Amino acid sequence: MSKEASEVAEFPVDNQRHHSIRWLLLVLTVLSTAGAFWLFATVLSSNGLNLAEYILLPLFTVLFSWIAFSFWTATYGMLLVLQQPPRSASEHHLAREARTPGQPRSQTAVLMPIYNESPTSVFAGVQAMLRSLLATGQEDDFDFFVLSDTTDPDIWLEEERTWARLVAEHGSQPRVFYRRRPRNVSRKAGNIADFCTRWGSEYEYMIVLDADSVMEGATLVEMVRRMDADRQLGILQVPPTPVNRLSMFARLQQFASRLYSDIFIQGFCSWANFDSNYWGHNAIIRVQPFIKHCGLPTLPGKAPLGGEILSHDFVEAALMARAGWKVALAHDLGGSYEECPTTLLDFAKRDQRWCQGNMQHIRLIFSEGFRPISRLHLTMGAMAYLSAPLWLTFMVLSVMAMWMDGPAQPGETTWVGGASIVFGITMAMLLLPKLWSALALTKQPDRLRDFGGWDNVIGSVVLETLVSILVSPIMMFFHTRFVLTTLAGQKVQWNAQNRGEGDIGLGEAIFVYGPHTVAGILTALAIGYFTPSLLFWFLPVVIGLIFSVPLAMTLGSVKLGQRLAQQGLLLIPEEITTPEILRLQQQALAQAERSQSQLNRDQLFDTVLIDPSFHALHRNILFATDSNVPASSAEVQAISELIQREGPSAVPRDARRVILSDADALRQLHVQVRSQLRLNRSALSS
């Protein structure tokens, strides 16, 4: 450990208040779980315990403790919110009074890793942040890096041309750099590591974004100021707000995040303190400690549970904390935005990637030197997915337990009535945080106005709650399948995310959700036949599964999402009063779409072979970023002959990538194509 890190480690990162809150939440969680266990055990033992009931008790204890901890965290967060002075939903604290002219002076790199994304959307976000940063007067202290791992050659060329246009239009400050890696090693974590190796020594901090991230310039400046003010701070995470999506499902996510997250985040910060977490984007990181301490280990064994760590963020936060640096969550800082999946299927695909990564974390929970709270974060990440098969097992065992008890005899009681009390308590602890979030608005009149008033809030909360109840069993089945396939050794493909809008068709919905429907029907029939007294309690589960096809189609509808917005439902403050950074992003998108309306991405390979300026731009980027990868002479010859016969458009995608990676081969084909064009013109003129 370096001298600086050793000195940092001597400073306590907790104070007595946060220790007390941790003990309070632990006691409340244990007491409520013990009470629920006693009640459930009393109910089950009314007629003696069978084998299934013996298994139900410990399983229920694990699941209820998970719910109880989340409930008490949200409840404490609500109390904190109620004690704060009123503020609007759009207000965020930039501590301008603490910043003097000329600060910050630490050089910061803003990193945007991308992988087969829409260049138009990516650079519109970059352009919006540049303009927002210029308004702060602190632009000289920031450089932007667009770090591409793109494998699609046509998107690759579009990235280069869009970047060149942005630089030509924008000017030199802040500087915007573009680099594409020839080999996608270790995905996003490897992309960031490559930046650190090449350019990390030139920067004090790096702000890591996602392809769909945008952050206000004032927020970027404030993040640096806070890092400068606390030399022990290693990672500062700013919670991102989901915005910009239009489908009903996306609006549900945006509304839930915007209204409910406040109490959860404040409750989380109350016990996590400086042992907080890193979410992989919209965060600022001190570069040198990150390079020194946050190198990811390779897990023993084969993927998916072994090999490269996929979900890197939680692990990097744990490694930074282990080295003695603070990891904090800036719950009071706004101006941080992202986008969310627009359909239930896209949401599930993203969760499948996260599930495999978080399952790997189980092997790291007991790693040497990790702080206790870091171990808790890793456990919580894994439990977010393990809880699904545990709940499914719990429900199956409940049916088995009642069936094993047999029909109730005259004068004999069943445990359904008593279990309904346990069920009510569990549901209350799951749903009350939504009510807490709404109640917190009574102390925040400006924030209530930003959501459109009580009618909009109440209607939206009721709608979101009903839909979340129906969606929960669908996601339970998805997560159960993800966990089981991961344990069976099936690796997930980390492809580019679908960030566009689009309704889901009937055929696709039946293909994806047909198994859910069949499972729901069979479950209802089985429960109705073997334990009919339980059918009423299983209705939320079976209804969601049986109607999963129309539900998925409804949730993916952009038209329905827009209609709800017109009625004032599921609106977020950013839609009522658009923040400047989002307005700048929309302007940049509109401008880019107008300028590219006559361009066809499929023609860019032809263009790089014909247009001398575009050809020179591409070759210069290869040399400037050390990305030149020579192709074999046989490959070049085969592609040359194909172009001679059928033209550049006939070159397949993989062959295009080979040629675009080799500056000499590209020059050879450039000369060939231009010579062929001159010959064709001469033949036509004669």
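## A buried ion pair at the second largest pocket

In this predicted model, E339 and R245 are both buried, and the two side chains form a salt bridge in which the closest N and O atoms are 3.8 Å apart. The pair links distant parts of the chain, since E339 sits in the loop between β10 (336-338) and α11 while R245 sits in the loop between β7 (241-242) and α8, with the two positions 94 residues apart.

E339 and R245 also belong to the lining of the second largest pocket, where they are among the residues that lie nearest its centre, together with N244, Q585 and L589. This pocket has a volume of about 600 Å³ and is lined by 30 residues, which divide into eight nonpolar, twelve polar and ten charged. At least two lining residues come from each of α4 (119-134), α8 (248-272), α20 (573-576) and α21 (580-595), and the largest share, five residues, is supplied by α21.

## Other salt bridges

The count of salt bridges in the model comes to 25. One of them joins R198 to D626, with the closest N and O atoms 3.8 Å apart; because R198 lies in helix α6 and D626 in the loop between α23 (612-624) and α24 (633-646), this pair ties together parts that are 428 residues apart in sequence. R198 counts as partly exposed, at 30% relative accessibility, whereas D626 is exposed, with a relative accessible area of 60%. Salt bridges that share partners join R198 and D626 with R179 and D194 into one network.

A pairing within one helix is found between E222 and R225, whose side chains meet in a salt bridge with an N to O distance of 2.8 Å. These two residues are three apart in helix α7 (residues 217-229), so about one helical turn separates them, and both E222 and R225 are buried.

## Enclosed cavities

Two cavities of 30 Å³ or more are present in the structure. The largest has a volume of about 40 Å³ and is lined by Q352, C355, Q356, F482, T485, T486, Q490, K491 and V492, with α11 (344-360) and α15 (454-487) each supplying at least two of the lining residues. By class, this lining has three nonpolar, five polar and one charged residues.

The second largest cavity holds about 30 Å³ of space, and its lining consists of A189, I192, M206, V208, Y278, I285, F290, H312 and E316. At least two of these residues come from each of α6 (187-199), β4 (205-208) and α10 (312-322), and the lining as a whole divides into seven nonpolar, one polar and one charged.

## A nonpolar patch on the surface

On the surface, L49, L51, Y54, I55, V396, M400, W403, M404, Y529 and F530 make a nonpolar patch of about 1,100 Å². The elements that give two or more residues to this patch are α3 (51-83), α12 (372-405) and α16 (506-530), and α12 gives the most, with four residues.

L49 lies in the loop between α2 (16-44) and α3, and L49 is partly exposed, with a relative accessible area of 30%.

Note on methods
Residues are numbered from 1 along each chain as its sequence is written. This is a predicted model: local features need pLDDT of at least 70, side-chain atom pairs count only at pLDDT 80 or more; totals for chains, interfaces and linings use all residues. Side-chain values use heavy atoms; hydrogens and water are left out. Patches are made of residues with over 30% relative accessible area and no salt bridge: like charges are joined within 9 Å, nonpolar side chains (Val, Leu, Ile, Met, Phe, Trp, Tyr) within 5 Å. Accessible areas come from the Shrake-Rupley method with a 1.4 Å probe; for residues, only the protein chains shown count as cover. A salt bridge is a side-chain nitrogen of Lys or Arg within 4 Å of a carboxyl oxygen of Asp or Glu. Buried means under 20% relative accessible area, exposed over 50%, partly exposed in between (1.4 Å probe, protein chains only). On a 1 Å grid over the protein atoms alone, a cavity is a set of points where a 1.4 Å probe fits but cannot get out, and a pocket is an open set with protein on both sides within 12 Å along at least five of seven lines; lining residues have an atom within 4 Å of a point. Grid points are joined across faces, edges and corners, and a volume is the space filled by probe spheres set on the points. Ala, Val, Leu, Ile, Met, Phe, Trp, Tyr, Cys and Pro count as nonpolar, Asp, Glu, Lys and Arg as charged, and the others, Gly among them, as polar.
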